[in-house]
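Biologist: I have a model on screen and want to learn how to read it. Can we take it feature by feature?
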Amino acid sequence: MITPTGRRRRLGEHVTAYGFLCAALVVFAVFAWYPAIRNVVLSFQEVNFVRGSSWVGLENFSYILDDPLFAKAWRNSALFTLYALLLGFGVPFVTALLINEFRHARAYFRVLVYLPVMLPPVVVALMWRWFYQPEGGLINEVIGGVGLPTSEWTNSSSTALISLVIASTWANMGTATLIYLAALQTIPGELYEAAELEGAGILRRIWHVTIPQTRFVILMLLLLQVIATMQVFTEPFVMTGGGPEDSTVTVMLLIYRYAFVYNNFGAASAMSLLLLLVLAVFSAAYLRVTRSQQT
Amino acid sequence: MTRRAYRRTRRCLATTAVLALTLAACSSDGEGGGEDGKVTLHINGQPPNTDERELRVFLAEIEAFEAEHPDIDIVPHEGFMDPETFNTRVAGGDLEDVFYVYFTDPAGIIEQGYAADITDYLADVPHLDQIRPELHEAFQDEEGRQYGIPTANYSMGLLYNRDLFEQAGLDPNAPPTTWEEVRAASAAIAELGGGVTGYGECATENTGGWHLTTEIYSVGGAVAEPEGDGWRAAFNTPETVRLLENLRAMRWEDNSMGSDQMRSCEDVMVQMGAGQLGMYVAAPDNLPTLVRQYDGTYENLGLAPIPDQGGTLLGGEGYMINAGASEEEIEAALTWLQWRFVNPDEIERRIEEAAADELPVGLPMPPTPDIWVEGEIRDSVEALKEQHANVPVEHVRTFMEAAPTVEGHIEPPRAQEVYAILDNVMQGVLTDEGADIQGLLDRAEDDVNRVYGAS
């Protein structure tokens, strides 16, 4: 039986708990939910901060759909995401497998792989801009020095996008590698021993033991990577400005231009809303995957 | 709730209240009236603390102005035009009463109603009629109503490295006057080798479109022309094709422009300062920047008129007044702007001050911007410039002499959107050897017409 004193104490504890919850809710409401809702409202308005905004129905959507850059930006973002998945999944996974095999200096390699993540993204982008210079750039100097054909990298519309993906993968693979490595280390050694006894080689061990045992982590990281890379901004903004010939204009870069170069906040909000809807699909998939794992 | 928890909660609430009050106290009240009938004027344009000389001069100017006008209290704010925060400050009511703009900004600001119409206040402001009318145009709407004051301007020319000209056997006192001559000089300079390139272009962040606009003007063309109540693209002409063919030949046939083309203007300036570049299209204000930031020297740099001289791009800066300003604030703002920027009585003092601080005098830029119409004030400024010149003015003489005859054009409507489209044309020519120039122009024309809503 709860005494009046006990009830008061529990009530007091609840008030404190709700107090803390309220603070978190207020922060979320002000800095996350309100801007998101406001974005939806703005996407249906002609925005003016002095005269007041007016409702324009679907005009902003019609404007962005009519923009020749709309299709290019989505195509470039999708291609960036695809390349980033191929490179951004394969390279960290293989790197994690290699580090996992090391008997010595594993910590050293972990730090080495993670170091680029600690560099500010803008610094990384500026550094890679220099690496990619056709004349005097590090990469062409190295590959030209050993007799391999050089490339125009960010100076050509056919290689600019993949150049950005390489730079982005180098900068961001550290986190994925460490997560894969952690997942690899949870796989019981007996499974590999059993596979070896069955005569499985290294590739079959990876295919039949490593990948099934880490598939949840792989799927989770792939979904997170899609959500992140569809929003790529820093690399094209700093390294190419969207060029050459719009070959690296991404959805986020176009949103930035609408808002801060052309002062068209309605169009920027409409484009943001479309991006939100696309990413919501992947977010829902991510939630479903994590929930299924929990159950 | 325990006593401790209660105390904690109370402390949190008290802290929140104090924070809220502090924020409220810090926020602008939006009222211009101060105590004692003084008009308080919030202005931006204050140089950063790192620019000690400019900050010192700026604050001294305010002090001198306030001494002369005790009824006006100037409250300076650091910063100039920052497109990324401008709208946020408008939305938050934090935009200063008097705010700095580039010539590319007023059209959009006027359209959105963020600046006050000051036309009816201008009649009593001295010397404004002595500013070149084409500069006023940058601050006017289609009906000729005025929304700001131009304070400095530039026109584009051809900046070149005199040493490289000499080394290449070219006469540094006779820089190229046509685009064909630019091509020949560029090829000769590139022959020097050692990573030296003859001619450079900016190509990213809308600067490619900005430069191409200047070059289209130089061959007598236009980027946009009026059509009914609106505008339509006007750059898709045989002259522009010839201009771009010449550029393509420099890049791909002569190989005199190097291979790294996705560059901002800053990248080009780095190359020029390092003595690795022969020529590029630039405004006079690039000269001090090259000397101060990129190791260039006035002795080694020259500025020529834009090749072909069929016209050039006029740019510049000025100030606009917040749409929410009261009558008193507008009058005070115009008093300040006239005293600070359109004031023949203060020019000599400012020139001497700049010379004493070893800043360049003699160039068409502050402290002697080229804003005046032909007449007494202009003559007097030119005489003072010559008297106090501390840079080799003869290296920019051809540019200065041609300035009155090369027709200046302001930037096209919706300049940034147009420049973004023209960036593609510039990038296409510079990065794709097989670029279809006519195809690039056709696409750009369609895109620009879409921006203008023209069919």
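Biologist: How many salt bridges does the structure hold over all chains?

Modeller: This is a predicted model, and it holds 25 salt bridges over all chains. Take Arg53(B) and Asp357(B): their closest N and O atoms are 2.7 Å apart. This pair links distant parts of the chain. Arg53(B) sits in helix α2 of chain B, and Asp357(B) in the loop between α13 and α14, 304 residues apart.

Biologist: Is Arg53(B) buried or exposed?

Modeller: Buried means under 20% relative accessible area. Arg53(B) has 17%, so it counts as buried. Its partner Asp357(B) has 29%, so that residue is partly exposed.

Biologist: Which residue does Arg132(B) meet in a salt bridge?

Modeller: The partner is Glu134(B), at 3.0 Å from N to O. Apply the cut-off again. Arg132(B) is buried because its relative accessible area is 15%. Glu134(B), at 23%, counts as partly exposed.

Biologist: Where do Lys385(B) and Glu382(B) lie?

Modeller: Both lie in helix α14 of chain B. They are 3 residues apart, about one turn of the helix. Their side chains meet in a salt bridge at 3.2 Å, N to O. Lys385(B) is buried at 5% relative accessibility, while Glu382(B) is partly exposed at 29%. Elsewhere, salt bridges that share partners form one network. Its members are Glu61(B), Glu346(B), Arg349(B), Arg350(B) and Glu353(B).

Biologist: Now helix packing. What describes two packed helices?

Modeller: The angle between their axes and the distance between the axes. Here, take α2 (residues 52-68) and α12 (residues 327-341) of chain B. Their axes come within 11 Å and cross at roughly 125°. That angle makes α2(B) and α12(B) oblique to each other. The crossing of α2(B) past α12(B) is right-handed.

Biologist: Next, the backbone. Which residues does a cis peptide bond join in chain A?

Modeller: Read omega for this one. Gly243(A) and Pro244(A) are joined by a cis bond, with omega about -10°. Pro244(A) lies in the loop between α10 and α11 of chain A. Chain B has a cis bond from Pro366(B) to Pro367(B), with omega near 10°. Pro367(B) is in the loop between α13 and α14 of chain B.

Biologist: And phi? What is the value for Ala105(A)?

Modeller: Look at the sign, then at the residue type. Ala105(A) has a positive phi of about 55°, although it is not a glycine. Its place is the loop between α3 and α4 of chain A. Ala105(A) counts as partly exposed, at 42% relative accessibility. Asn206(B) also has a positive phi, near 75°. Asn206(B) sits in the loop between β6 and α8 of chain B. With a relative accessible area of 9%, Asn206(B) is buried.

Biologist: Let us turn to the surface. Which residues make the nonpolar patch of about 660 Å²?

Modeller: Tyr18(A), Leu21(A), Leu25(A), Phe28(A), Trp33(A) and Ile37(A). Follow one of them. Phe28(A) lies in helix α1 (residues 4-42) of chain A. At 48% relative accessibility, Phe28(A) is partly exposed.

Biologist: Is Phe399(B) buried or exposed?

Modeller: Phe399(B) is buried, at 6% relative accessibility. Its place is helix α15 (residues 397-402) of chain B. Compare sequence and space as well. Phe399(B) and Gln338(B) are 61 residues apart in sequence. From C-alpha to C-alpha, Phe399(B) and Gln338(B) are 28 Å apart.

Definitions and conventions:
Residues are numbered from 1 along each chain as its sequence is written. Chains are lettered from A and ligands numbered from 1 in the order in which they are written. This is a predicted model: local features need pLDDT of at least 70, side-chain atom pairs count only at pLDDT 80 or more; totals for chains, interfaces and linings use all residues. Side-chain values use heavy atoms; hydrogens and water are left out. Patches are made of residues with over 30% relative accessible area and no salt bridge: like charges are joined within 9 Å, nonpolar side chains (Val, Leu, Ile, Met, Phe, Trp, Tyr) within 5 Å. Accessible areas come from the Shrake-Rupley method with a 1.4 Å probe; for residues, only the protein chains shown count as cover. A salt bridge is a side-chain nitrogen of Lys or Arg within 4 Å of a carboxyl oxygen of Asp or Glu. Helices (H or I, at least four residues) and strands (E, at least two) are DSSP runs, numbered from the N terminus. Buried means under 20% relative accessible area, exposed over 50%, partly exposed in between (1.4 Å probe, protein chains only). Axes are lines fitted to C-alpha atoms, for helices over the stretch in contact, and angles run from 0 to 180 degrees between N-to-C directions. Angles under 35 degrees count as roughly parallel, over 145 as roughly antiparallel, 65 to 115 as roughly perpendicular and the rest as oblique. A crossing is left-handed if the near helix is turned anticlockwise from the far one by less than a right angle, and right-handed if clockwise.
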